[in-house]
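These entries record what I looked up in the structure. I took the backbone and the sheet before the side-chain pairs.

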Amino acid sequence: MLNIVLFGPPGAGKGTQAQKLTQRYRLVHLSTGDILRSEVSAGTPLGTEAQKMMDAGVLVPDAIVVKMISNNLDARKDANGFVFDGFPRTVAQAKALDMLMNGKGHPVSMMLALEVSEEELCKRIRQRGKDSGRSDDTEESVVRKRISEYNNKTAPLKEYYSAQKKFHAVNGIGDIEDIFNSLCEKIDRFREK
Ligand code: AMP
């Protein structure tokens, strides 16, 4: 099984690359942001609760997203592997994911990080806000909050996966296909081992 954690700040291009990786390697794409947004549109109690936090640009509690991931893993027992997009976002989530995956005998294979400068991120997020109307992308203060949540709570995951020798970084600026090829190279090298 190939289980990839896609890592990077908001606007790094995780969603775009996750979709391409999913197709190339026939994996299942699990995006906690997408799952939360579908709960919001469906008007579920979880969606109503999560919306407030998403609108404020803060992370939703670990227990909620871990449960969501666990349910989705169980629903896709047929999968060849998973691309985790926007999850884990805290060390507690990473530990929970390790417990879940190790327990199934299919550990996380690698973390692939998309590295993008903060200036470029803000530019991209503003553009995405115009294109998609995502409210947390249009409000400047919310974008800043999301980046600060990332720097404080998510960035330490680099150390977490480095300690397991699973951290791999690629330059996330440039042509989408070039970035995709760099990610594929890392994956193919891992699979040859
Ligand atoms: P995203 O689409 O990944 O940028 O996520 C949008 C929002 O959903 C974030 O700003 C958080 O409020 C929430 N969210 C998504 N994934 C997670 C996660 N793994 N942990 C906590 N909050 C999350």
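**Entry 1: naming of elements.** I took helices and strands as DSSP runs, at least four residues for a helix and at least two for a strand, numbered from the N terminus. I note that the model is a predicted one.

**Entry 2: the loop after E3.** With those names I located Pro88 in the loop between E3 and helix H5 (91-104). I checked the peptide bond from Phe87 to Pro88 and found it cis, with omega near -5°. For reference, I recall that most peptide bonds are trans and that most residues other than glycine have a negative phi.

**Entry 3: positive phi values.** I next looked at phi. Arg26, a residue other than glycine, has a positive phi near 55°. I placed Arg26 in the loop between helix H1 (14-25) and E2, and at 65% relative accessibility it counts as exposed. Lys165 likewise is not glycine and has a positive phi, near 60°. Lys165 belongs to the loop between helix H9 (157-163) and E5. Its relative accessible area is 74%, and I recorded Lys165 as exposed.

**Entry 4: the sheet.** In what order do the strands of the sheet stand? I read an open sheet of 5 strands with the order E2-E3-E1-E4-E5 and parallel pairing. Strand E2 (28-31) and strand E5 (167-171) stand at the edges with a single partner strand each, so one side of each has no neighbour in the sheet. From one strand to the next, the twist averages 20°.

I then followed the pairing at the E2 edge. E2 and strand E3 (residues 81-85) run parallel and are joined by 4 bridges. Val28 has Phe82 as its bridge partner in E3. I also looked for a helix packed on the sheet: helix H10 (residues 176-192) lies across strand E1 (2-7), strand E4 (110-115) and E5, and runs at about 160° to E4.

**Entry 5: salt bridges.** Side chains of opposite charge can pair when their charged atoms come close. I counted 16 salt bridges and examined some of them in turn.

I began with Arg126 and Glu140, whose side chains meet in a salt bridge at 3.0 Å, N to O. Why does this pair tie together parts that are apart in sequence? Arg126 lies in helix H6 (residues 118-132) and Glu140 in helix H8 (residues 140-154), so the salt bridge ties together parts 14 residues apart in sequence. I found Arg126 partly exposed, with a relative accessible area of 41%, and Glu140 partly exposed as well, at 34%.

I turned to Arg146, which forms a salt bridge with Asp136, the closest N and O atoms being 3.8 Å apart. Arg146 lies in helix H8 and Asp136 in helix H7 (residues 135-138), so this pair ties together parts 10 residues apart in sequence. Are these two residues buried or exposed? Both Arg146 and Asp136 are buried.

The third pair was Lys153 with Glu149, a salt bridge in which the closest N and O atoms are 3.1 Å apart. Lys153 and Glu149 are 4 residues apart in helix H8, so about one helical turn separates them. Lys153 is partly exposed at 37% relative accessibility, whereas Glu149 is buried, with a relative accessible area of 5%. I also noted a network in which salt bridges that share partners join Arg128, Arg134, Asp136, Asp137 and Arg146.

**Entry 6: aromatic rings.** I counted 5 aromatic pairs. Phe84 and Phe87 form a tilted pair, 6.4 Å centre to centre with 50° between the planes. Phe84 counts as buried at 0% relative accessibility, and Phe87 counts as buried at 1%.

Tyr160 and Tyr161 form an edge-to-face pair, with 5.1 Å centre to centre and 75° between the planes. Tyr160 is buried with a relative accessible area of 17%, the cut-off for buried being under 20%. Tyr161 is buried at 0% relative accessibility.

I recorded a cluster in which ring pairs link Phe7, Tyr150 and Phe167.

**Entry 7: a charge over a ring.** My last check was Lys20. Its charged end sits over the ring of Phe180, 4.8 Å from the ring centre.

Methods: Residues numbered from 1 in each chain as written. Predicted model: local features only at pLDDT ≥ 70, side-chain atom pairs only at ≥ 80, totals over all residues. Heavy atoms only, no water. Salt bridge = Lys/Arg side-chain N within 4 Å of Asp/Glu carboxyl O. Buried < 20%, exposed > 50% of the residue type's maximum accessible area, 1.4 Å probe, protein only. Phe/Tyr/Trp six-rings, centres within 6.5 Å; stacked < 30°, edge-to-face > 60°. Lys NZ or Arg CZ within 6 Å of the ring centre and 35° of its normal. Pairing = 2+ DSSP bridges. Axes fitted to C-alpha atoms, helices over the stretch in contact; angles between N-to-C directions. Contact = heavy atoms within 4.5 Å.
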